[in-house]
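Here is a short lesson in reading a protein model. Have the structure open and follow along.

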Amino acid sequence: AQKEANEAVEKGLTELEERQKYERGLVQGALICMDVKTGAIRAMVGGRDFRKSEFNRATQSRRQPGSSFKIYVYAAALENGYRPQSPVRDYSRACGNWRPQNYGGGYGGGGSMPLWSAFARSLNTVASELSFAVGREKVIDMTERLGISGVKKTCSMALGDGGITLVEHVGGVATFANGGKLAKAYGILDITTSKGELLYSR
C-alpha cells in the first residue's frame, strides 16, 4: 500500500503542476490510508521527498480542511435535535462583518430544503447557520470527541477556516464510516529492545 500511496501522491502533484504551469517539484502534498474499523495506518505520505524535506505534512502540518469540515457541523446538528428531513433554509445570518456565500456566489436564495439535501449540496450558507443555531461550542466539542484538536470558535469555522492535521481529520471522518465507533489512527503495534524486551504494546 505504501508504494501505491507514494505513486498516487506524486502523480497527482505532477498533474497539478502541469495543469497550473507551476515549477516542477514546487507543490507538496500528503496522504493517509487508514483502516476505518481499527484505525491502523496502512500507508502514510508526508511529502514528496524525505531527503529534501523531513517535515511530515500528514501529522505535523495544520491546514484548512475547507468544506470537508462540514461533516462535523452536521453531526453536531443531528446530535442536537435535527433529523435528515428537518427543513433548513439556504440563508445565513451575518457574523460581525462576515457573511457566508455559496460556491456559485450569492448569499443563498432563502429557499427551504431538507437537511440531507443541504449536506449533499455542501451549501456554505446552511452549514454556517447550523453552527450558529446549534452552537459553535457544540461543534468544537464534537471535533474534540472525535480526536481533532485546536479548532477555534470563529464566524466561519463551519467552512473549515482553521488548521487541523490530516491524520486527525482522517480519523474523525473514519468514525462515521465505522458506524460511529471512534477509529483513532495508530501506526505502531509493539516496540521492543534489541534483546526482545517489550517497551510498548498497543
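What follows is a dialogue on helices, packing, burial and backbone angles.

Q: What kind of model is this, and what are its ground rules?
A: This is a predicted model, where local features need pLDDT of at least 70, side-chain atom pairs count only at pLDDT 80 or more, and totals for chains, interfaces and linings use all residues. Residues are numbered from 1 along each chain as its sequence is written, and side-chain values use heavy atoms, with hydrogens and water left out.

Q: How many helices and strands are there in the protein?
A: Helices (H or I, at least four residues) and strands (E, at least two) are DSSP runs, numbered from the N terminus. The protein has six helices and eight strands. Their order from the N terminus is α-β-β-β-α-β-β-α-α-α-β-α-β-β.

Q: How do I describe two packed helices?
A: Use the angle between their axes and the distance between the axes. Axes are lines fitted to C-alpha atoms, for helices over the stretch in contact, and angles run from 0 to 180 degrees between N-to-C directions. Take α2 (residues 70–79) and α6 (residues 166–177): their axes come within 11 Å and cross at roughly 45°. Angles under 35 degrees count as roughly parallel, over 145 as roughly antiparallel, 65 to 115 as roughly perpendicular and the rest as oblique. α2 and α6 are therefore oblique to each other.

Q: Which residues make the contact of α2 and α6?
A: Contact means heavy atoms within 4.5 Å. From α2 come Ile71, Tyr72 and Ala75; from α6 come His169, Gly172, Val173 and Phe176.

Q: How do I find the buried face of a helix?
A: An α-helix has 3.6 residues a turn, so residues three or four places apart point the same way. Buried means under 20% relative accessible area, exposed over 50%, and partly exposed in between (1.4 Å probe, protein chains only). In α5 (residues 136–145), Arg136, Val139, Ile140, Met142 and Thr143 are buried. Down the axis of α5, these buried residues fall within an arc of 155°, so they line one face of the helix. The arc is that of the directions from the helix axis to the C-beta atoms. The cover over them includes α2 and α4 (124–134).

Q: Where is Lys21 found, and is Lys21 buried or exposed?
A: Lys21 sits in the loop between α1 (2–20) and β1 (31–34). Its phi is near 60°, a positive value in a residue other than glycine. Lys21 is exposed, with a relative accessible area of 73%.

Q: What about Ser122?
A: Ser122 has a phi near 55°, also positive in a residue other than glycine. Ser122 is partly exposed, at 30% relative accessible area.
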